Amino acid sequence: MPLRSAERSTLVPQVIEQLRTQVATGEWPIGTRLPPEPELAAQLGVGRNTLREAVLALVHAGLLERRQGSGTYVVGSTELSGAVARRLAEARLAEVVEVRRAFEVEAARSAAARRTDDDLVALDDALAGREAAWTSGDAEAFVQADVRLHQCVVAAAHNTVLAELYGHFGAALAASISEQIGPDLTPDRYVDHQRLVDAIRRGDAESAAHEAGSFLEDHRR
């Protein structure tokens, strides 16, 4: 028997919260396509109309996106990340680079003051992965490896607010790095990040901040 409207209005918030939790915990990472509607409704034990209302609410919140003929995809881990993603999609690259610089300079400065031995291990691993990706000639792999290194720098700053905000910036970060290096890994596009990691290791906050900001200067318009 189909749910009455009152019953559905009671269930919808519960389904929204369940879907939100699956996204926030990484059970459904960003980029994941949700199961087909009949399958998902059965998994959740609700009717399809209830599921549609819950999904629509999360589409409006920016966590999900419906793609005609393809399905529904996760596009944000929280309402904030969805809002940030929508805003950044409209921004000029130069503006995104300026925001990157603001985040990364402060992160590098703080990382130099607060990094732990575990942070240094993570930074060394990320730097080695970045170098290996460059050597491979795979531009997409290099972008992901470069993003990981910058995320490690932010993590070493040990500022939870900065880390959360920077996490919401992920897609725009990858896009700006892709724009900087282009489709091919050519020597003129290479930027050495060894000095950045070394400055953080020495605890030299000003040098770390300088290194984090200098390679973005040429990309501000």
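**Close-up views of a predicted model**

**View 1. T186 sits in the loop between α9 (170–181) and α10 (194–202).** We're looking at a predicted model here, as in every view below. T186 comes out at a relative accessible area of 29%, so we call this residue partly exposed, the label for anything that is neither under 20% nor over 50%. Now pick out W134 as well: T186 and W134 are 52 residues apart along the chain, and their C-alpha atoms are separated by 9.4 Å.

**View 2. The whole chain, for orientation, has eleven helices and two strands.** Starting from the N terminus, you can trace the elements as α-α-α-β-β-α-α-α-α-α-α-α-α. There are 221 residues in the chain, and 40% of them are buried. If you take the contacts with a separation of 6 or more, 70% of them come from residues 24 or more positions apart. As for the outside, the chain exposes about 11,800 Å², with carbon and sulfur atoms supplying 52% of that.

**View 3. Helix α2 covers residues 37–44 and has L40, A41 and L44 as its buried residues.** Look down the axis of α2 and these buried residues fall within an arc of 100°, so they line one face of the helix. Just past the end of α2 comes G45, and its phi is positive, near 70°.

**View 4. Helix α5 (residues 93–114) packs with helix α8 (residues 160–168).** The two axes are 11 Å apart and make an angle of about 145°. As for handedness, the crossing of α5 and α8 is left-handed. On the α5 side you'll find F103, E104 and A107, and they meet L162, L165 and Y166 from α8. Sorted by class, that contact has five nonpolar residues, one charged residue and no polar ones.

**View 5. H150 belongs to helix α7 (residues 139–156).** Is H150 buried or exposed? With a relative accessible area of 4%, H150 falls under the 20% cut-off, so this residue counts as buried. And what does H150 touch, once residues up to four places away in sequence are left out? The list runs to R100, E104, Y166, I177, H193 and F215. Two of those names may ring a bell from View 4: E104 of α5 and Y166 of α8 are among the residues where those helices meet.

Methods. Residues numbered from 1 in each chain as written. Predicted model: local features only at pLDDT ≥ 70, side-chain atom pairs only at ≥ 80, totals over all residues. Heavy atoms only, no water. Buried < 20%, exposed > 50% of the residue type's maximum accessible area, 1.4 Å probe, protein only. Contact = heavy atoms within 4.5 Å. Areas by Shrake-Rupley, 256 points an atom, 1.4 Å probe, with all protein chains shown as cover. Arc of directions from axis to C-beta. Axes fitted to C-alpha atoms, helices over the stretch in contact; angles between N-to-C directions. Left-handed = near helix turned anticlockwise from the far one by under 90°. Nonpolar A, V, L, I, M, F, W, Y, C, P; charged D, E, K, R; others polar.
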